[in-house]
Amino acid sequence: MENRDIARILSETADLMEVAGEDPFRIRSYRNAVQAIDSLNENIADILGNPERKLTEIPAIGKSIAAHIEELCREGKLKRHQELCAKYPPITLELLRLQGLGPKGVEVLLTHFRVQSLDDLERLCKEGKLRELPRMGEKLEQKLLKSIEAYRRITGRYLISVADELATETQQYLLRGPGVQKVTPAGSLRRGKDTIGDIDLLVTGGEPQKVVEYFLRFPKISEVIAKGENKVSVKLREGIQVDLRMLEPENFGAALQYFTGSKEHSVALRTRAKRMGLQLNEYGLFRVSANARVAGRTEKEVYGALGLAYIEPELRENCGEIDAAAEHRLPRLVRLVDIRGDLHMHSTATDGRCSIAEMAHAAKERGLEYIAITDHTKALAMANGLNEKRVLAQIKEIRKIESQMEGLRIFAGMEVDIHQDGTLDLDDDVLSQLDVVVGSVHSYMTISPEEMTDRLLRAFENPCLHIVAHPTGRLLLRREPFGFDLERVLEAAKRRHIAMEINAFPDRLDLCDQHARLCKEKGVKIVISTDSHHTTHLQNMKYGVLTARRAWLEKKDVLNTLPAAEFKKALQRSPAQVR
Ligand code: DGT
Ligand code: CA
Ligand code: CA
Ligand code: ZN
């Protein structure tokens with residue numbers, strides 16, 4: 001059993017214990033264990049298999065949790081978890097995930113109303129039934145209706161990092177299959193969308209039947225949803241669906257185009273084909289009059305025969321890319337190899353889990369030329385944010401570590417909280433000693449859009465601010481972005497020479513593709529950063545680059561494609577921009 005599965009089952013157990021009203025300390029110990037497992041760099045199975053080691057070596061894992069984990073790995077299930085699952089209906093875990101309902105509320109809904117589905121709950125809210133109970137009112141009903149809507153929108157979708165890792169594992173398994181030559185991801189994963197509904201994989205080589213047979217032995221499959229001659233759909237244990245299709249090499253390009261989508265892009269493409277007397281489908285591009293195949297082996301060939309330059313998958317959303325391809329004015333999209341620096345990351349000084357030196361060495365190993373260490377500031381007390389005195393000490397430490405390293409610039413930075421009134425969380429004379437100042441909103445996120453706009457505009461007045469981190473505060477599949485007047489804020493950012501971040505952490509990807517595209521249109525520069533809290537997070541840069549590509553960004557639009565010295569210069573704001 002993998003760490004991910006162990007963490008999920010322990011976390012569900014804790015959720016259900018909360019509904020059952022069990023001892024909060026006990027519940028806490030489950031949650032701490034889940035966190036510890038999430039940040040573990042090795043497989044629990046490996047620790048268990050090593051007689052010299054014990055699970056209790058892992059911080060936050062005590063004797064009783066260790067026993068649970070052993071049981072899970074031995075039996076494939078946990079008695080405690082199964083008892084609770086038998087006691088409460090399956091909807092319980094979903095109800096717990098709705099914003100606005102605590103475990104007590106869930107318990108009341110289950111016992112008093114016998115809620116079995118989200119539809120049940122929606123009806124109760126609409127009929128005003130909840131207000132009959134103490135501590136539940138009309139306001140809660142309205143709030144729940146909103147959360148149900150939000151939940152339905154995100155449910156059944158996965159973070160790109162989760163889908164990407166599972167797709168890679170599946171791909172690696174398939175590549176060992178009989179005769180398999182190539183396994184290519186298509187769909188939203190290939191287009192680099194921030195969340196993924198299901199994984200689409202295209203296979204060439206081998207006899208379809210034999211490949212399907214082999215695939216169905218993949219240990220991660222929990223359920224077969226549909227099976228045909230050349231395709232099969234399954235569910236993996238993590239819940240995500242995989243659609244697999246076997247293809248012939250001569251129509252690979254047409255099929256890849258078709259299954260990459262987006263649907264909107266493909267519809268527009270087919271309309272164009274029709275106007276040219278052609279027909280496009282998953283088997284190829286055909287001249288209708290001659291009943292002849294014109295293209296199909298490669299995508300380039302298909303686009304070319306339609307009079308178009310090759311369109312990168314990230315652009316295929318029917319947002320102007322087809323006209324641009326016809327007129328040969330597609331952007332030359334920024335690539336991962338263009339990125340030279342990473343300007344947002346944490347260390348053990350605050351809530352990071354690796355030291356400054358560890359982060360620096362890992363960054364250098366990844367081929368970066370420069371980084372900024374940007375720990376939190378004092379307003380974020382729960383992350384042990386730094387006050388002015390500690391910031392000054394940290395600057396010294398960063399300079400020292402940099403002097404001992406070769407081939408990596410380390411900028412002294414801070415991720416400074418933007419207070420509710422728009423002031424920054426450090427004195428200006430300390431801020432002015434930093435190389436890189438990243439400003440973030442971490443508190444009072446529910447103020448009105450007008451207030452949020454004013455708050456950001458106020459922050460821009462501080463001459464020391466360089467970059468706004470995760471500008472909308474969204475957490476994918478968990479928290480909606482906070483609202484503000486983006487156009488106005490971007491116009492101010494342009495005038496004041498402040499860059500916007502694409503935060504590459506897969507839960508955030510903030511700014512999103514559309515917002516980042518608006519930055520480009522407004523002439524606002526972008527910085528793509530990982531917001532790493534561990535050396536392993538540095539690899540998330542690729543997701544930020546995908547988002548940038550979906551935003552039509554080129555190398556010149558992204559500041560951290562510049563060499564270190566030029567980057568530093570590009571951050572500087574002139575007196576006119578500060579005023
Ligand atoms: P997802 O899975 O919701 O994140 O998004 P996609 O884009 O991966 O959608 P999916 O998996 O339903 O289908 C994969 C691709 O297959 C899609 O991008 C375009 C193509 N496709 C699927 N259904 C249709 C359809 O009814 N018409 C057309 N033209 N294309 C389709
Ligand atoms: Ca898909
Ligand atoms: Ca699909
Ligand atoms: Zn951060």
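**Exercise 1.** Which residue forms a salt bridge with Glu2, and how far apart are the closest N and O atoms? Determine also which parts of the chain the pair ties together.

*Solution.* The structure is a predicted model.

Step 1. The partner of Glu2 is Lys220, with the closest N and O atoms 3.1 Å apart. This separation is to be judged against the cut-off of 4 Å for a salt bridge.

Step 2. Lys220 is located in the loop between helix H12 (208–215) and strand S5 (221–227), whereas Glu2 belongs to the segment before helix H1 (3–19); the pair therefore ties together parts that are 218 residues apart in sequence.

Step 3. For context, a search of the whole structure returns 50 salt bridges.

**Exercise 2.** Describe the contact between domain 2 and domain 4, beginning with the domain bounds and ending with the makeup of the domain 2 side.

*Solution.* Step 1. The protein is divided into domain 1 (3–154), domain 2 (158–247), domain 3 (252–326) and domain 4 (336–578). Between the C-alpha centres of domain 2 and domain 4 the distance is 36 Å. Each of the two contributes to the contact: 10 residues come from domain 2 and 10 residues from domain 4.

Step 2. The size of an interface is often expressed as the accessible area lost when the parts come together. For domain 2 and domain 4 the buried area is about 920 Å², with carbon and sulfur atoms giving 64% of it. Within domain 2, the residues that lose the most area to domain 4 are Leu159, Ile160 and Asp194, which together account for 48% of what that side buries.

Step 3. Side chains of opposite charge can pair when their charged atoms come close. There are 2 salt bridges between domain 2 and domain 4. Lys542 and Asp164 form a salt bridge in which the closest N and O atoms are 3.8 Å apart. The count of residue pairs in polar contact between these domains is 3.

Step 4. On the side of domain 2 that touches domain 4, strand S1 (158–159) and helix H10 (160–175) each supply at least two residues. H10 provides the largest share, 3 residues. By class, the residues of this side comprise 3 nonpolar, 3 polar and 4 charged.

**Exercise 3.** Identify the residues that come nearest to ligand 1, and give side-chain distances to its oxygen atoms.

*Solution.* Step 1. Ligand 1 has 15 residues around it, of which Arg157, Ser188, Gly197, Asp198 and Arg270 come nearest.

Step 2. For Asp198, an N or O atom of the side chain is 2.8 Å from an oxygen atom of ligand 1. The corresponding distance for Arg191 is 3.0 Å. A polar side-chain atom of Asp200 is 3.1 Å from an oxygen atom of the ligand.

Note on methods: Residues are numbered from 1 along each chain as its sequence is written. Chains are lettered from A and ligands numbered from 1 in the order in which they are written. This is a predicted model: local features need pLDDT of at least 70, side-chain atom pairs count only at pLDDT 80 or more; totals for chains, interfaces and linings use all residues. Side-chain values use heavy atoms; hydrogens and water are left out. Domain bounds come from an automatic or database domain assignment. Contact means heavy atoms within 4.5 Å. Buried area is the accessible area (1.4 Å probe) that two parts lose on being put together, summed over both. A salt bridge is a side-chain nitrogen of Lys or Arg within 4 Å of a carboxyl oxygen of Asp or Glu. A polar contact is a pair of N or O atoms within 3.5 Å; within protein, one must be able to donate a hydrogen and the other to accept it, and residues adjacent in sequence count only if both atoms are side-chain atoms. Helices (H or I, at least four residues) and strands (E, at least two) are DSSP runs, numbered from the N terminus. Ala, Val, Leu, Ile, Met, Phe, Trp, Tyr, Cys and Pro count as nonpolar, Asp, Glu, Lys and Arg as charged, and the others, Gly among them, as polar. A residue is near a molecule or strand if one of its heavy atoms lies within 4 Å of it.
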